[in-house]
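Student: Could you take me through one part of this model up close? I would like to follow a single helix and its surroundings, and then look a little further afield.

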Amino acid sequence: MELESILLPGIDDKRPLVIAGPCSAETEEQVMNTARALADKGVKIFRAGIWKPRTKPGGFEGVGSEGLGWLRNVKKETGMYVATEVATAKHVYEAMKYGIDMLWIGARTSANPFAVQELAEALQGLDIPVLIKNPVNPDLELWIGAIERIYNAGIKKIGVIHRGFSSYDKKIYRNLPQWHIPIELRRRMPNLPIICDPSHIGGRRELIASLSQQAMDLNFDGLIIESHCNPDAAWSDKDQQVTPDILEYILNLLVIRDTNQTTECLSELRSQIDEIDNQLLEVLAKRMRVSREIGQYKKEHNMTVLQTGRYDEILKDRIEQAEQLDMGGDFIKTILEAIHEESVRQQVKVINQ
Ligand code: PEP
Ligand code: MN
């Protein structure tokens, strides 16, 4: 893939490249007030959603083309570049009419090859940078497919936005970061700029600073952060937007490490370890749930907890399996014994309830 390295003239490649602005353009006043404050803080690229994909009908669906005129005014008055989300061919034509400088494809759209293809055809022959958000589902191939469709339309200024992946279980994050996915994308497409969207990953403004730092430690190129002159009154995504003052504070706190190859690789690898440990814990918890169900079954059928024949069989099988996977038999035996002990403890608890 031969990409142009500069997305927009005059934007240097010093990390992080910062894109900031409200989730949605709401009123001309809100757009201008936010934009002026951000320009004062040195932000060079202003974002605002004009057409908003809403989960349910009845939510705020964006101000539509009228807002494009406000973005044109932002550009005229502050000199910032302006960026917005496009989801249909009509959005592309409208955005071009108003001189929008940069487009992004939202997470719901990049999950849909028909929609991406429609956008690719509308973009054919245009010279505009396009950022492609990861699809809502954690499918790297689908993300790469969207990138390839846009590239095949002749767009050479391409970047991606990592905005996390949706999950049913929303505990800490609104969208799970699953850092290993953008890291693998970087390995597969090393020249593609990666921009982190801590607002949509975190869903809460308190998480923006730490997620931004993590993205910088992983050598991501930029950050797209939702910023609003009055976040609590925002018409969409109010919990994940910050004032321009707070944005400046967050950016000033960032430690940008000089990425010599070794530390960069190390933090990528560490982040993979974190992810895998997470998965291990979840799998173990699932195993314990099943053990408790077995306990329940044994209780109902008046059976003993310990059935040694079964345990010996498990141990022998798993040790063979582990050795084939290049792990020591003794090591796996220790782990399985610990897991077994905990399973028995959990079953006994169920039986005695
Ligand atoms: C947005 O950037 O406001 C947006 C709708 O994001 P996403 O497509 O990541 O949900
Ligand atoms: Mn948003």
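Tutor: Gly42, just after α1, takes a positive phi of about 95 degrees. Keep in mind that this is a predicted model. The helix before that glycine, α1, covers residues 28-40, and its 13 residues should span 18 Å at 1.5 Å a residue; the end C-alpha atoms are 18 Å apart, so the two values agree. Now look at which side chains of α1 are hidden: Gln30, Val31, Met32, Thr34, Ala35 and Leu38 are its buried residues. To read that list, it helps to recall that an α-helix has 3.6 residues a turn, so residues three or four places apart point the same way. What covers the buried residues of α1 includes the strands β1 (17-21) and β2, along with the helices α2 and α10.

Some of those elements also flank an aromatic pair. Phe60 and Trp235 meet edge-to-face, 5.1 Å centre to centre and with 85 degrees between the planes. Phe60 sits in the loop between β2 (45-47) and α2 (66-78), while Trp235 sits in the loop between β10 (222-226) and α10 (244-253), so their pairing ties together parts that are 175 residues apart in sequence. Trp235 is partly exposed, as its relative accessible area is 45%. A search of the whole structure finds two aromatic pairs, and the Phe60 and Trp235 pair is one of them.

For a further stop, try Pro193, in the loop between α7 (180-188) and β9 (194-196). Pro193 is buried because its relative accessible area is 16%, under the 20% cut-off. Its contacts include Leu7, Ile158, Arg186 and Asp221.

Note on methods. Residues are numbered from 1 along each chain as its sequence is written. Chains are lettered from A and ligands numbered from 1 in the order in which they are written. This is a predicted model: local features need pLDDT of at least 70, side-chain atom pairs count only at pLDDT 80 or more; totals for chains, interfaces and linings use all residues. Side-chain values use heavy atoms; hydrogens and water are left out. Helices (H or I, at least four residues) and strands (E, at least two) are DSSP runs, numbered from the N terminus. Buried means under 20% relative accessible area, exposed over 50%, partly exposed in between (1.4 Å probe, protein chains only). Contact means heavy atoms within 4.5 Å. Rings of Phe, Tyr and Trp (its six-membered ring) pair if their centres lie within 6.5 Å; planes under 30 degrees apart count as stacked, over 60 as edge-to-face and the rest as tilted. The expected span of a helix is 1.5 Å times one less than its number of residues.
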